[in-house]
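Reader: I'd like a close look at one part of this protein, the place where two of its domains meet. Could you walk me through what holds there and what else sits around it?

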Amino acid sequence: MRVCMIGTGYVGLVSGACFADFGHDVVCVDKDASKIERLNSGGIPIYEPGLDKLVADNVAAGRLSFTLDLAEAMKGADAVFIAVGTPSRRGDGHADLSYVYAASEEIAAYIDQYVVVVTKSTVPVGTGKEVLDIIAKARPDLKPGVDFSTASNPEFLREGAAISDFKRPDRVVVGAEEEAARDVMRELYRPLFINETPIVFTNRVTSELIKYAANAFLATKITFINEMADICEKTGANVQEVAKGIGLDGRIGSKFLHAGPGYGGSCFPKDTLALVQTAKDYGVPTKIVEAVVDINDTRKKAMADRVKEACGGSLKDKTVAVLGLTFKPNTDDMRDSPSLDVIPAMKADGATVRVHDPEGMEEAEKSFGETVTWCDGPYHAMEGADVVVLLTEWDAYRALDFKKMQSLLKAPIFVDLRNVYNPETMRDHGFSYVSIGRP
Ligand SMILES: NC(=O)c1ccc[n+]([C@@H]2O[C@H](COP(=O)([O-])OP(=O)(O)OC[C@H]3O[C@@H](n4cnc5c(N)ncnc54)[C@H](O)[C@@H]3O)[C@@H](O)[C@H]2O)c1
């Protein structure tokens, strides 16, 4: 099959490369000339483990290419995927669909045979119909559902494990109204039938809602365990054991029960907000998701207070070593990362901040600029610091040399917002240690 992928971001590039690896012919398009140039010269614009090799192999095999030219990319395409950003719209929290709509207009101009226009971007209920209407309006010569279809195929991959998530997903969700569209989608995902991946076929609106429901549920689970952690801190219980004790119940499941500084990233914050807005539009109360959004925002901001308390109530004239800036390990994605709340709050309290992140510093520099000191390793960040704050649980921070730390730090205070270390071990090594929800 021939696939045109619009957008070479975290989702478009991974999906395009994986479809090519399945054996399809994929052309990826982006408007960002620097990204296309980088890809065409063998570079990868994002950090995602394994992606460089997957892209290189499929380019070499002649199945994957990159262009700025949508007309060329759409020639003979059976499916064109829209994988552009849908960030929060400034002011109201609705999903900003301007990139999706612009892409739809552009697609309309180049439809020259039956094609399925698939929204892979996370889009609110009803967007597939909007895309259909935009194309129909731009091309009155085409009959919707006959000369082209629109379908919804939300993406569930996680950054940092994106390739295996795409190739071995728990399920694939496809929302389509026409059998011809379902046939194209079935053929595209045929390699996954071999692994017996469940493919959920449904209508467009249901598929669109499934994505938001999934993200809202996961965000709720994280927020729930974070609140349990707060109770643990007051009562002397241990949140990791609470998580284990409830997670072994098959009805609950053990995933997404890690207490921490609050969820961030390019999906949960904006998708929970957008779901709340959609529900408001339809006059439906979504008190649970509203509470989740609110609790998480407050939590991220409150994390700086823990550092403050650990340092005796003030960060004035204190130097803080921050380990990890990205919203999670194995990505360079900084969108809505807790570090964006925690670091400014610590600085506002008078702290000097030294930072390190294994892969995210280039991205993070766009947010923090000269306001922090950039360090070339965790120990460099600790030089002369009064406190260490572990913000992202990169592997590189999981086996720190305690002796070396003691020799570099002004004071042995360690605030572990990811519960990476064992409290007793830390105390045995002479640290004043603060973590989340553990005695
Ligand atoms: N990042 C994730 O982990 C993830 C996971 C699941 C779903 N999603 C959803 O997938 C969508 C894309 O997310 P992302 O993180 O890949 O975004 P991104 O910002 O990394 O990439 C979007 C790309 O689209 C390009 N683009 C925008 N308009 C274009 C146009 N008209 N023509 C060509 N290119 C265009 C941009 O230049 C950019 O390179 C979002 O809706 C997001 O919610 C993301």
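Author: Between domain 1 and domain 2, the count of salt bridges is zero. Polar contacts are another matter: four residue pairs make them across these two domains, counting pairs with both residues at pLDDT 80 or more. That cut-off is there because this is a predicted model.

What does the side of domain 1 that touches domain 2 consist of? It divides into five nonpolar, five polar and three charged residues. As for area, interface size is often given as the accessible area lost when the parts come together. Here about 810 Å² is buried between domain 1 and domain 2, and carbon and sulfur atoms give 53% of that.

To place this on the chain, you have domain 1 (2-202), domain 2 (213-293) and domain 3 (301-434). The contact between the first pair takes 13 residues from domain 1 and ten residues from domain 2. Taken over C-alpha atoms, the centres of domain 1 and domain 2 are 29 Å apart.

Now for the ligand, since both of these domains have a hand in it: its shell draws at least three residues from each of domain 1 and domain 2. In total, 25 residues surround the ligand, and the closest are Asp30, Lys35, Thr86, Glu159 and Lys270. Sort the shell by type and you get eight nonpolar, seven polar and ten charged residues.

Zooming in on atoms, the side chain of Thr86 puts an N or O atom 2.5 Å from an oxygen atom of the ligand. For Lys270, a side-chain N or O atom is 2.6 Å from a ligand oxygen. Tyr10 uses its backbone instead, with an N or O atom lying 3.0 Å from an oxygen atom of the ligand. On its own the ligand would expose 830 Å², and the protein buries 90% of that.

Key: Residues are numbered from 1 along each chain as its sequence is written. This is a predicted model: local features need pLDDT of at least 70, side-chain atom pairs count only at pLDDT 80 or more; totals for chains, interfaces and linings use all residues. Side-chain values use heavy atoms; hydrogens and water are left out. A residue is near a molecule or strand if one of its heavy atoms lies within 4 Å of it. A polar contact is a pair of N or O atoms within 3.5 Å; within protein, one must be able to donate a hydrogen and the other to accept it, and residues adjacent in sequence count only if both atoms are side-chain atoms. Accessible areas come from the Shrake-Rupley method with a 1.4 Å probe; for residues, only the protein chains shown count as cover. Ala, Val, Leu, Ile, Met, Phe, Trp, Tyr, Cys and Pro count as nonpolar, Asp, Glu, Lys and Arg as charged, and the others, Gly among them, as polar. Domain bounds come from an automatic or database domain assignment. Contact means heavy atoms within 4.5 Å. Buried area is the accessible area (1.4 Å probe) that two parts lose on being put together, summed over both. A salt bridge is a side-chain nitrogen of Lys or Arg within 4 Å of a carboxyl oxygen of Asp or Glu.
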